[in-house]
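Please look over the chain shown here. A short report on its fold follows.

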Amino acid sequence: MTTTQENRHALILRTNGEFEIIDWPATGARSHLETLYRAIDCHAVDAVEISPTLTMWLNDEGVITGAPINRSATILYALHNEPTQHYVGNVVLTGGIDRHGETLGLTNDEIAALVEMHLTFIPVTVPGQRDRRES
């Protein structure tokens, strides 16, 4: 499978519970690394395979620098595998790899499923309806 317009996104899960969808470069390890460094704000990344079609990228020095626990990333991993540790810092989620070893982006459907899972397991405060008199 090669990268198509359909799988050209990645998902950032931040330690504060926020998430962001970003564009994933079509090809090229260098552009992939640059995207990861910018998204995670680091200089060295590590890949954790959650499944053959889902990879989590994190700051390789996050534990050393005291990055906060990323509950979303830790829960996501635990939903797929036996948990062995807490994951720290902001993470980027991408697809698996193609037959050439290139990291694939996520499809729109994969992004939607991950966001739904994220919102299901992470408490989110949704503002209540405002009374017109409060305006």
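## Contacts along the chain

Take the contacts between residues at least 6 apart in sequence. Of these, 54% join residues at least 24 apart. The model is predicted.

## Elements and surface

The chain holds three helices and five strands. Read from the N terminus, their order is β-β-α-β-β-α-β-α.

The chain has 135 residues, and 39% of them count as buried. The exposed area is about 8,400 Å². Carbon and sulfur atoms supply 51% of that area.

## Helix 2 and its cover

Helix 2 spans residues 71–80. Its buried residues are Ser72, Ala73, Thr74, Leu76 and Tyr77. Several elements help cover these buried residues. Among them are four strands: strand 1 (9–13), strand 3 (45–51), strand 4 (54–59) and strand 5 (91–94). Helix 3 (108–121) is also part of the cover.

The N-terminal end of helix 2 has a cap, Asn70. A side-chain oxygen of Asn70 lies 3.2 Å from the backbone nitrogen of Ser72. Ser72 is also one of the buried residues of helix 2.

## The hairpin of strands 3 and 4

Strand 3 and strand 4 both belong to the cover of helix 2. The two strands also pair with each other, in the antiparallel sense, over six bridges. Together they form a hairpin, with two residues between them. Within this pairing, Val45 stands opposite Asn59 of strand 4.

How values were computed: Residues are numbered from 1 along each chain as its sequence is written. This is a predicted model: local features need pLDDT of at least 70, side-chain atom pairs count only at pLDDT 80 or more; totals for chains, interfaces and linings use all residues. Side-chain values use heavy atoms; hydrogens and water are left out. Buried means under 20% relative accessible area, exposed over 50%, partly exposed in between (1.4 Å probe, protein chains only). Contact means heavy atoms within 4.5 Å. Accessible areas come from the Shrake-Rupley method with a 1.4 Å probe; for residues, only the protein chains shown count as cover. A polar contact is a pair of N or O atoms within 3.5 Å; within protein, one must be able to donate a hydrogen and the other to accept it, and residues adjacent in sequence count only if both atoms are side-chain atoms. Two strands pair if DSSP finds at least two bridges between them.
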